[in-house]
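Work through the exercises below with the sequence and the model open. Each task is followed by a solution in steps.

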Amino acid sequence: MRLRFPFTLPPFRFDRATRRLWKDLFMSVAALVCVAIALMPLVSILFEAGARGLQSIQPGLFLFDTRDGGIGNSIQGTLILVALSSGVALPVGILTGVYLAEFGKGRVGTGVRFFVDVMTQIPSIVVGIFAYSLILTLAFSGLVGTRLVFSTVTGVIALATIMIPFVARTSEEALRLVPISTREAALALGIPRHRTILRVVLPSSASGLITGALLGVARVAGETAPLLVTALGSLYGFSGLDQPIESLPHTIYTFGLSPSTAENQAAWGASLVLVLIMLTISIVSRVIVRLRSVSE
Amino acid sequence: MAVKIHVEGLSAWYGAKKAIQDIGMDFAEHEVTAIIGPSGCGKSTLIRCLNRMHETIPKARAEGKVLLDGEDIYELPAVTVRRQIGMVFQKANPFPTMSIYDNVAAGLRLNGERNRSKLDAGVLKSLKAAALWDEVKDSLDKGGAGLSGGQQQRLCIARALAVEPEVLLMDEPCSALDPIATAKIEDLIFDLKKGYTVVIVTHNMQQAARVADKTAFLYLGKLVEFKNTRDLFERPDQELTEKYITGRFG
């Protein structure tokens, strides 16, 4: 006898079999309630950002810079920050992943893995302060201009520092999924180890690597705290690597706290744009995984 | 028959555990040599020492001499050795992201061959040699993982043949296959010995009796007996061999 949830209640008897049905009913309801609780903030964020954001979506929002109440420079800034951080963090992160998966068997590997794990746990504001004080120290010692303290470069250092351990770990996991038999097949053909890794192992785990990279991108695209103390924010468009730069999360922060209702409204538009960017990235990564698994 | 591979005093370890001990034997050119023995007796370890695949396992090491045409393979670069001594594994392991064509061409391509017509010729020749050409000639661009188990194993044989080795090592190549696919591979092994020296590890004694010219019986990492297949199965010298082939242990 199988309970058909939620349409039938079990009979009000309490022999062993019926007790199980009641327990089953109770647990199913509890699980559903928990799912609803977990989804509530997500749905409400999407709904609020969608409903309120849509009202402020109009050409002016994208055409104007934050000085004039638009978010044109924020989108540009976020794209620049994310592109530059990815340019630094993806090669370093993926190569670290390759090291951990292919070579990091001994004590050094365990140590590196431990530190990478610790780095993924560091609060992002701490990473921001790190980038800030790094450049500040360099500026004090005269190696770089003091202007660089609040700049695109410092922001990129912070974001890349957040991204590297994340990408390293996801890459390592993706590479570990490639079976040893695949590596052995290549080695047994007389293919050198480095070429086995580059031409056989990395392509075999491409979908995992791409997913990890995109999730890393999504992660830093939404970071606010480290940018407050590094990239600072700007009312204008990109004006040089040594200049402060605006970003979407920072615009949401400043517009959201602004006394101007027009700017409050624009903050919702910026939120919607940011959510859509994240959503696109996560859908694209899923599509990539699906496409690659079908072709196999 | 000329000796192709000469093995002398070969021992191998996984960490502190000794897997094979002081093996000495000769593999004759253009013959099929089978290595039989119960699970864990060191059959796979032995053939993996013949093309230096043993050392790819962390903490594994080997000692002793393995001479290919009189040259010590442990003095040569490992990649050179592996190109001359190809290997087919227990479980078919085509490259999952590559097409049938690319799988066979992989060894040539990743060793630097770029000339398209040479690659085409190599792929054709190898697939024919592995008796797979007729079945896949219209689907060379399809994924290698989509083939049946027996076809995948023949694809792996074609891939190994494409780099034109002189010796082909086979580590229980039929243990995951049904009897029909097994028969195809066995026929293939019989044809292959004209052009190659074949060493096959098997836990299936009938298979050894069917395909091998010579058979070696390994037990607990030691070579117990090694002679003509027929003699080994009909007139074993050692009591241990007799017990094993009559199924009284193992």
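**Exercise 1. Contacts and burial in chain A**

Task: In this predicted model, find what share of the contacts in chain A with a separation of 6 or more comes from residues 24 or more positions apart, and what share of the residues of chain A counts as buried.

Solution. Step 1: Keep the contacts in chain A with a separation of 6 or more; residues 24 or more positions apart account for 73% of them. Step 2: Turn to burial, where 38% of the 296 residues of chain A count as buried.

**Exercise 2. Elements and dimensions of chain A**

Task: State how many helices and strands chain A has, and set its radius of gyration against that of a compact globule of 296 residues.

Solution. Step 1: Count the elements, which gives 12 helices and 0 strands for chain A. Step 2: Read them from the N terminus on; the order is α-α-α-α-α-α-α-α-α-α-α-α. Step 3: For a compact globule of 296 residues, expect a radius of gyration near 19 Å, whereas chain A has 25 Å. Step 4: Along the principal axes, the C-alpha atoms of chain A fill a box of roughly 80 × 65 × 35 Å.

**Exercise 3. The domains of chain A**

Task: Give the bounds of the domains of chain A and describe the contact between domain 1 and domain 2.

Solution. Step 1: Domain 1 of chain A covers 1–56, and domain 2 covers 64–295. Step 2: The centres of these domains, taken over C-alpha atoms, are separated by 37 Å. Step 3: In the contact, 8 residues of domain 1 of chain A meet 7 residues of domain 2 of chain A. Step 4: Sort the domain 1 side by class: 3 residues are nonpolar, 4 are polar and 1 is charged.

**Exercise 4. The contact between chains A and B**

Task: Which element of chain B gives the most residues to the side that touches chain A?

Solution. Step 1: Chain B brings 25 residues to the contact and chain A brings 18 residues. Step 2: In chain B, at least two residues each come from α2 (78–84), β6 (85–88), α3 (100–110) and α6 (149–162). Step 3: α2(B) gives the most, with 4 residues. Step 4: By class, this side of chain B has 12 nonpolar, 9 polar and 4 charged residues.

**Exercise 5. Asp102(B)**

Task: Is Asp102(B) buried, partly exposed or exposed?

Solution. Step 1: Locate Asp102(B) in helix α3 of chain B. Step 2: Asp102(B) has 19 other C-beta atoms within 10 Å. Step 3: A buried residue needs 20 or more and an exposed one has 12 or fewer, so Asp102(B) is partly exposed. Step 4: Compare Asp102(B) with Ile35(B): they are 67 residues apart in sequence and 32 Å apart in space, C-alpha to C-alpha.

Terms used
Residues numbered from 1 in each chain as written. Chains lettered and ligands numbered in written order. Predicted model: local features only at pLDDT ≥ 70, side-chain atom pairs only at ≥ 80, totals over all residues. Contact = placed C-beta atoms within 7 Å. Nonpolar A, V, L, I, M, F, W, Y, C, P; charged D, E, K, R; others polar. Domains from an automatic or database assignment. Rg over C-alpha atoms; globule rule 2.2 N^0.38 Å.
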